[in-house]
Amino acid sequence: MKHTPNQIPRSYLDKTHTYGRIWMVTALALLLLAPTFISVYYDAWPRLGEFAKGMLGVAPIFWVVAVIEVFTYAPMLGAGGSYLGFVTGNLTSLKVPCAINAMEAVKAKPGSEEGDVISTIAIAVSSIVTTVIIALGVFLLAQLTPILQSEALKPAFDNIVPSLFGALGVVLISKNWKVALAPVVVMTVLFILIPSLTSSVSVLVPVGVLIAIGAARILYKKGWL
Amino acid sequence: MVYYLKICLKKGWGYPLHKFDVNSVVMYMVAGVIILFVIAQSVFFLARAWRRAKEIGFDVAKLRRVVTSSALFTIAPAVSILLGVIALSKFLGLPLPWLRLSVVGALTYEMPAALSAAKAMGTSVTQTVIDPQAYSTIAWVMTLGIIPGLIIIPIWLKKIQGGVIKIVSKDKRWGEIIMSALFLGMISAFLGLVFANVHEGLIGWVPVFIMAVSVLLMLVLGTLCKKYKIAWLENYALPFSMLLSMAASIPVTNWVQLLGGAS
């Protein structure tokens with residue numbers, strides 16, 4: 001089948017959407033089955049008032065974040081990567097950087113068919129490895145807990161974000177530093193001035209994206225890119 | 001493993017089925033079935049994308065490198081997710097956090113969701129839940145609090161992807177710029193986050209030092225890739241930089257703490 005590099009053939013893409021929808025709707029049903037099972041099996045349904053109170057502490061922020069994440073990450077991950085990544089979760093700190101790294105390494109552009117397949121492979125492998133590691137950890141908990149929770153290793157796990165985003169950042173920023181300048185400066189100043197924003201980093205991702213797109217548009221229109 | 005089987009047999013099958021236990025065998029089975037489904041989905045998408053990648057001309061050796069580098073890259077964040085499971089297990093038992101953090105969830109979400117539901121029930125989070133109603137309320141809140149993505153994607157993803165293809169094909173250069181703007185916007189939030197604790201003095205600068213180490217390592221590895229034309233290293237530069245920086249954070253933190261103690 002002949003196609004230009006930046007166009008995904010309809011048949012492949014259409015099938016991805018069809019399969020993706022089937023898998024995702026089934027996953028949704030299964031996920032809802034877990035709390036339903038708990039309620040039926042132990043004959044313990046939540047009381048409406050307490051449930052609503054609990055949801056009020058979560059939904060206003062996380063529903064908004066979930067909606068924004070779809071629009072922010074789906075274009076980066078491609079169709080296959082999105083159908084898989086949004087089911088397996090841990091997008092921000094794991095699946096998205098993993099997909100970006102894979103696409104960068106083989107020079108596949110996001111939004112192209114190459115980008116779509118590479119992102120899907122990276123996310124699938126990452127999901128399988130994550131699931132296996134967590135499962136191993138769960139079944140070997142007694143043996144692993146003292147090692148994983150040791151004071152000696154604590155700094156390493158406390159510093160995953162700078163270790164990951166430092167390396168990833170330098171690759172992407174060096175390619176497009178003009179676009180990166182505005183969001184990086186704004187975000188750095190924001191976090192230094194308001195350290196309590198740490199817990200709201202998911203909300204600040206789309207803010208950073210909007211600043212980056214705005215800055216990019218201005219630079220592009222002025223012919224500086 | 002045998003220890004767990006013994007515990008499971010003792011706590012689950014030896015009692016009437018309705019007896020509540022956060023670590024019952026039945027709960028492990030429910031979590032296990034759903035997690036197996038997710039692995040099946042990953043394998044299905046992996047096989048499909050692999051076939052397609054070969055069809056459009058990707059070299060198998062290159063694809064294998066994508067697989068190994070993605071696996072290597074995943075190890076450290078996955079262990080950190082496991083730490084989240086362990087933290088939640090003290091309060092919710094193992095099966096529910098295992099399920100929640102293997103499917104859909106994220107560390108940044110599951111903890112606040114569980115705490116919010118526990119607070120609504122007036123349940124202490126320092127002890128294991130013993131009330132089935134509190135447990136079921138927490139399970140419902142954790143599940144429904146992050147559900148929108150699973151509803152929106154099947155409905156809107158096709159339109160979103162259509163929009164992306166339209167932008168890319170209409171103006172190729174702008175399409176590329178908007179894609180990198182998306183990445184850079186996301187990364188900027190996390191780079192900013194690294195500076196969040198600098199007001200705490202030298203110890204608050206540790207993440208910044210580690211970020212600098214990570215940047216330096218990536219630059220060195222990138223230069224090695226280019227200078228000596230080591231193609232395979234390109235795939236591993238990021239996971240190597242990340243793991244080495246994490247390792248470096250141990251002595252750096254210790255030195256900073258020593259300096260802090262000495263001053």
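**View 1. Helix H4 of chain B is a mostly covered element**. In this predicted model, B:Pro95, B:Leu96, B:Pro97, B:Trp98, B:Leu99, B:Arg100, B:Leu101 and B:Ser102 of H4 are buried; buried here means under 20% relative accessible area, exposed over 50%, and partly exposed in between, with a 1.4 Å probe and protein chains only. That makes eight of the eight residues in H4 (95-102). Helices are DSSP runs of H or I with at least four residues, strands are runs of E with at least two, and both are numbered from the N terminus. Just after H4 of chain B, look for B:Val104, which takes a positive phi of about 60°.

**View 2. B:Glu110 and B:Arg100 form a salt bridge in chain B**. Their closest N and O atoms are 3.1 Å apart. B:Glu110 sits in helix H5 (residues 107-121) and B:Arg100 in helix H4, so the pair ties together parts that are ten residues apart in sequence. A salt bridge is counted when a side-chain nitrogen of Lys or Arg is within 4 Å of a carboxyl oxygen of Asp or Glu. Both partners are worth a look for their cover: B:Glu110 is buried at 0% relative accessibility, and B:Arg100 is buried at 2%.

**View 3. A:Glu113, B:Arg52 and B:Glu55 are linked in a network of salt bridges**. Within it, the side chains of B:Arg52 and B:Glu55 meet at 2.5 Å, N to O. Both residues belong to helix H2 (residues 25-55) of chain B, where they are three residues apart, about one turn of the helix. B:Arg52 counts as buried because its relative accessibility is 9%, whereas B:Glu55 is exposed at 56%.

**View 4. A:Asp158 and A:Lys154 pair up in a salt bridge in chain A**. The closest N and O atoms of A:Asp158 and A:Lys154 lie 3.0 Å apart. Four residues separate the two in helix H7 of chain A, which means about one helical turn between them. Each partner is partly exposed: A:Asp158 at 49% relative accessibility and A:Lys154 at 41%. For the wider picture, a search of the whole structure finds nine salt bridges over all chains.

**View 5. B:Gly145 is a buried loop residue**. You will find B:Gly145 in the loop between helix H6 (132-144) and helix H7 (148-170) of chain B. Its relative accessible area is 0%. Leaving out residues up to four places away in sequence, B:Gly145 touches A:Met55, A:Val58, A:Phe62, A:Trp63 and B:Tyr109, where contact means heavy atoms within 4.5 Å. B:Ala113 is 32 residues away from B:Gly145 in sequence, yet the two C-alpha atoms are 7.1 Å apart.

**View 6. A:Arg217, A:Lys221, B:Lys166 and B:Lys170 form a positive surface patch**. Patch residues have over 30% relative accessible area and no salt bridge, with like charges joined within 9 Å and nonpolar side chains within 5 Å. Helix H10 (201-221) of chain A and H7 of chain B each supply at least two residues of the patch. One of the members, B:Lys166, lies in H7 of chain B and is exposed at 63% relative accessibility.

**Notes for all views.** Residues are numbered from 1 along each chain as its sequence is written, chains are lettered from A and ligands numbered from 1 in the order in which they are written, and side-chain values use heavy atoms, leaving out hydrogens and water. In this predicted model, local features need pLDDT of at least 70 and side-chain atom pairs count only at pLDDT 80 or more, while totals for chains, interfaces and linings use all residues.

Technical notes
Areas by Shrake-Rupley, 256 points an atom, 1.4 Å probe, with all protein chains shown as cover. Lys, Arg positive; Asp, Glu negative; His and termini not counted. Charge placed at Lys NZ, Arg CZ, Asp CG, Glu CD.
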